[in-house]
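Let's take a walk through this structure together. Please have the sequence and the 3D view open as you read.

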Amino acid sequence: MGGYNFDKDLFRKRVRELVKLDSKVSIEDANPVQIYKAVGFAIKEQIIDPWIDTRKKAKEQDVKMVYYLSMEFLMGRALGNNILNIQAQNDIREVLEEFGVDLNLIEDQERDWALGNGGLGRLAACFLDSLATLGYHAYGCGIRYKYGMFKQKIEDGYQKEVPDNWLKIANPFEIRRDSQRQEVRFGGYTRCETDEHGNPRYIQEGYQAVVAVPYDLPVIGYGNGVVNTLRIWSAEPVEELDLESFDQGEYEKANEQNNLAETICKVLYPNDNKYSGKELRLKQQYFFVSATIQRAVERYMEEHDDIHGLHEKVCFQMNDTHPTVAVAELMRILLDEYGLGWDEAWAITTKTCAYTNHTIMAEALEKWPIDLFQRLLPRVYQIVDEINRRFVNEIRSRYPGQPEKVQKMAVLYEGQVRMANMAIVGGFSVNGVAKLHTEILEKQELRDFYEMMPEKFNNKTNGITQRRFLLHGNPLLAQWVTDHIGDGWITNLPEIKKIEPLADDPECRRQFREIKYQNKLRLAEYIREYNHIEVNPESIFDVQVKRLHEYKRQLLNILHVMYLYNQLKDHPEWDMVPRTFIFGAKAAAGYRIAKLTIKLINSVAEVINHDPSINGKIKVVFIEDYRVSNAELIFSASDVSEQISTASKEASGTGNMKFMLNGALTLGTMDGANVEIVEEAGAENAFIFGMSAEEVIRYEHDGTYDPMTIFNSDEGIRRVLMQLINGFYSPEDPELFRPLYNSLLNTKDTSRADTYFILKDFRSYAEAQQRVEAAYRDQEWWSRAAMINVANAGKFSSDRTIQEYVDDIWHLDKLK
Ligand SMILES: *Cc1c(COP(=O)(O)O)cnc(C)c1O
C-alpha cells in the first residue's frame, strides 16, 4: 500500500477552522489544549481515507485477520507518534511555528491513554504498531475504561491514587461506531428446547443485558498507508429508563441493568501480575470478549457463507488468561446461534483460539469459583463443564491409573474454573514470552500439558517498537543513527547493527556521549520541575522504572543504596563516582508491602539528598506517576538499566529492551529476556549477578534457604536491616518499616521469609555494582559498550516478534 500524501496547506487551513468550530476561538487566541484538539482532528482527517481503504482492501483481498484480545492497551500518547508515522513532522512543526506554537508543547497537552497496568498492556500497544507497520490487518480489542490506570501522587513520601479521568478532554482520534453495537447477557438461567430435527437448543432467559458500543481508534503504520483499528468497547443500558411505563418489578430490573452498564467499564483494575477474584472483573472479561467475538463472527459471515471456514480467516489471540472465556463464548455462538454439533464447533474453536502465557507466579493464576462463574454466565458455564468432561475423559484414557494427571490438567477442579487450563485445551497454540520463560513452562509449570500436546507449545520473545522508544523518545540519537547508516532501521531494526563499527571510532564515541549528556540534561530539567531536586548530569543515571512488585526487587536496590550511604559516611574520603538512583513505579492500591517500599525509597531520598556531608555523591529520585510519556524521557537518559528480578519470576520484561536500545547497560539477573539481551550484547557489555533460575527453583522445592544465617554472618547487611527498625529513616515512627524487615526475616514462619531471595543475592548485587562503578570511570570503554548494546538491539523490535507470530501462529497475508 502507499503512503499518506500529507497535505500541508489543507492541514493549515483545517487547524484554523477546527479551533473555531470546536472551541469558538480564533487560532491567535487559542490555548494549547484547544490547538492540540484541532491538530489531532486535522490529522484524523488526513488518515481517514487510508483508514477506510485498509478495511476495504482487507475485504477485497479476503485476508485472514487477527483479533488481539487484551484487557489492557497501554498506548501512551498518540499525537507525536501519529505525526511521525505519517511522516509529516517537519510540515506540522512548520505550520505550528507559523501559528507561534511549539509542537512539543502541543504534544504535552495530550493525556496518556493509560488503559493498562504495565508490561502486558504496553506489549499489546507495541504489537499494534508493528502489525500496522508490517502491513497486516488486525484489530486490537479491549475495554474503554472510563478511568484508566490511576495517576500517582506522592504526598509525604506515600503513594496516593488519583482517578485518571482521561476522557475529560475529548479524544480527537476516536470514532463511536453505533452501527456495530452488540448485546451482552449476564445471569439468568438456561432452558433447553428441542428443535425441528430433534436436537437440543439452549436458550438463556431471565438475564440482564447491556449494549456494547465500540469506539475505534486509528493505529497508523509507519509510512505505508495502512491504518488498523484499536476497538475499545463501552457498556450502555439496553434501553434508557422510562419511569412511567414500568411497574415496580420491571423498574427494578431496568434499574439493575442501568447500574450494570454503568459499572462494567468504569475502572481498570490496577493489579499487575495478581489475580484478585472480583466478580466485576469477570464481567469485564466476558463483556469485551463476547462483544468482540459476536462481531467477528458476524463480520466473517457478511463476507463468507460457511461458518466452517472461520479459522481460515480469523484468529483470536488471547493476551494472558484474562480473555480466555473466548474459548467457551465462541463455542456458545457456534452451538446455539449457528446450530453446529459439538465436534464441529470444537474443531473450529480449537483452530481459531491461541493463548499467550505471561507469568508462572502462583498468585497471578486466574481461578474463578465455579458458583460465581455459573451464576454470572450460566450457558457459558455449561459449555465449560462439557469441555472439561470430555477433556478429563481424554486424560483418563491416555493416562490410566494416573489420577494426578487429572488433578493437574482438568479445567474444573476443587470448585474452580482454571482459566489457563481452558486456554491450553481450547486453543491450538500456547506461547511463552522469552526463551527462558517458555523453557520453564515446558519443563516445570505446564509440564503435563507439554507432554500431552507438545505441538501447541512455542516461544515468542517479546519486543518493543523502535518507532516510539527510539524515533520518538530519543530524537537526538535517532537522528545520529540515521545520519550514519540511513533510516532503514526505522522499519528494520536489525540494520542498526551497522553502527557497531562506529563504537571503535573515538569521535563517534564522543558524539554518542554528548547525546546521552543532552538527554540527561533533559531529564534533569524534568526532575527539577517535578521533584525540585538538582541532579548532577555527570553522575551515573542508575534507573529502575517498572511496576512495583516484590519479585522485581526494588527493595534490593534501595537496601543497596542504604548500604552505599553507610560506606560513604564511614569513609568520607571515598571518591566514588557520583550516582543518581532513579526510581519510578506504581503500586497496586491494595498492595501494602509495595506501597511501603515506595515510602522507604522516598524516606531514604529525604535523608540522603539533604546530607551535605556526602557532597551530592548520591542522589535518590522517585519520579511520580511513571507512565509511557515520561518513560520515553527516562530511557533516553539512562546509563544503567536495573533488571534485578528474582531469577525465574520475570517472564520477559520489555523495559530491559527499551533501555538497551537507548544505550544503557544492563545490571541484571539471568531472568526473562535479560538472558537474550546478554546473548546479543555480549556478557562483557553487561553486569550480571545473582542466582540462576534453576538455583531459585531448587531452593523453592527443597525449602532450605534461611535468610537469618546471612543476617547473622554479614555485618553490612545486618546494619542496613537494623536501620529499617531503629528509626534511622523514620525517626518519627521507628516501627514504620517493620513489615519490610519482617518480609525479609520472618522469624515466626521461616518458610515465608525473604521469598524473593533479596539477602541471598545482596552481596552478588553489591559486587556487580562495584563493577559498574569501575567501568564507568573508563568513559571510552563505557561509551563503546553502550554503543554495542544499541547496535545489537535489533532482535528486540516488536516487528520481529510480530513476524514470528505471523509465521508460526497466525499465518496472515500482507495487505497489498
Ligand atoms: C515498558 C513499560 C513497562 C514494562 O516494564 P518492565 O520493566 O518490563 O516491567 C511498564 N510500564 C511502562 C510505562 C512501560 O513503558
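What follows looks at the two domains and where they touch, then at one helix, one loop residue and several salt bridges.

**Two domains and their interface**

Keep in mind that this is a predicted model. The domain assignment splits the chain into domain 1, made of 54-93 + 109-362 + 427-462, and domain 2, made of 469-692 + 757-793. Their C-alpha centres are 34 Å apart.

How many residues of each domain are in contact with the other? On the domain 1 side there are 43, and they meet 39 residues of domain 2. Together the two domains bury about 3,200 Å², with 59% of that area on carbon and sulfur atoms. Polar links are present as well: 18 residue pairs are in polar contact between domain 1 and domain 2.

If you color the domain 1 side of this interface by element, β2 (73-76), α3 (79-85), α6 (119-134), β5 (151-155), β6 (158-162) and α16 (435-445) each give two or more residues. The top contributor is α6, with five residues. Sorted by class, the domain 1 side holds 17 nonpolar, 17 polar and nine charged residues.

Three salt bridges cross the interface of domain 1 and domain 2. K435 and E679 also form a salt bridge, with 3.1 Å between the closest N and O atoms.

**Helix α16**

Helix α16 (435-445) is worth a second look, as one of the elements on the domain 1 side that touches domain 2. Which of its residues are buried? They are L436, H437, T438, I440, L441 and E442. These buried residues pack against β18 (430-432), α17 (447-452), β19 (457-459), α25 (674-681) and α26 (693-702).

**A buried asparagine in a loop**

Next, please find N171, in the loop between β6 and β7 (175-176). Is N171 buried or exposed? N171 counts as buried because its relative accessibility is 10%, under the 20% cut-off. Its side chain reaches the backbone nitrogen of F173 at 2.9 Å. Setting aside neighbours within four places in sequence, N171 is in contact with W113, W166 and L217.

**Salt bridges along the chain**

The count of salt bridges comes to 73. Here are some of them, with the N to O distance for each.

| Salt bridge | N to O distance |
|---|---|
| R181 and D178 | 3.4 Å |
| R191 and E205 | 2.8 Å |
| E525 and R528 | 2.8 Å |

In the R181 and D178 pair, R181 is partly exposed at 39% relative accessibility, and D178 is partly exposed at 34%.

The R191 and E205 pair links distant parts of the chain: R191 sits in strand β9 (residues 189-194) and E205 in strand β10 (residues 200-205), 14 residues apart. R191 is partly exposed, with a relative accessible area of 32%, and E205 is partly exposed with 21%.

Where do E525 and R528 lie? Both are in helix α20 (residues 506-531), three residues apart, or about one turn of the helix. E525 is partly exposed, with a relative accessible area of 44%, and R528 is partly exposed with 33%.

Salt bridges can also share partners, and in this way R77, D108, D112, K586, D625 and R627 are joined into one network.

Methods
Residues are numbered from 1 along each chain as its sequence is written. This is a predicted model: local features need pLDDT of at least 70, side-chain atom pairs count only at pLDDT 80 or more; totals for chains, interfaces and linings use all residues. Side-chain values use heavy atoms; hydrogens and water are left out. Domain bounds come from an automatic or database domain assignment. Contact means heavy atoms within 4.5 Å. Buried area is the accessible area (1.4 Å probe) that two parts lose on being put together, summed over both. A salt bridge is a side-chain nitrogen of Lys or Arg within 4 Å of a carboxyl oxygen of Asp or Glu. A polar contact is a pair of N or O atoms within 3.5 Å; within protein, one must be able to donate a hydrogen and the other to accept it, and residues adjacent in sequence count only if both atoms are side-chain atoms. Helices (H or I, at least four residues) and strands (E, at least two) are DSSP runs, numbered from the N terminus. Ala, Val, Leu, Ile, Met, Phe, Trp, Tyr, Cys and Pro count as nonpolar, Asp, Glu, Lys and Arg as charged, and the others, Gly among them, as polar. Buried means under 20% relative accessible area, exposed over 50%, partly exposed in between (1.4 Å probe, protein chains only).
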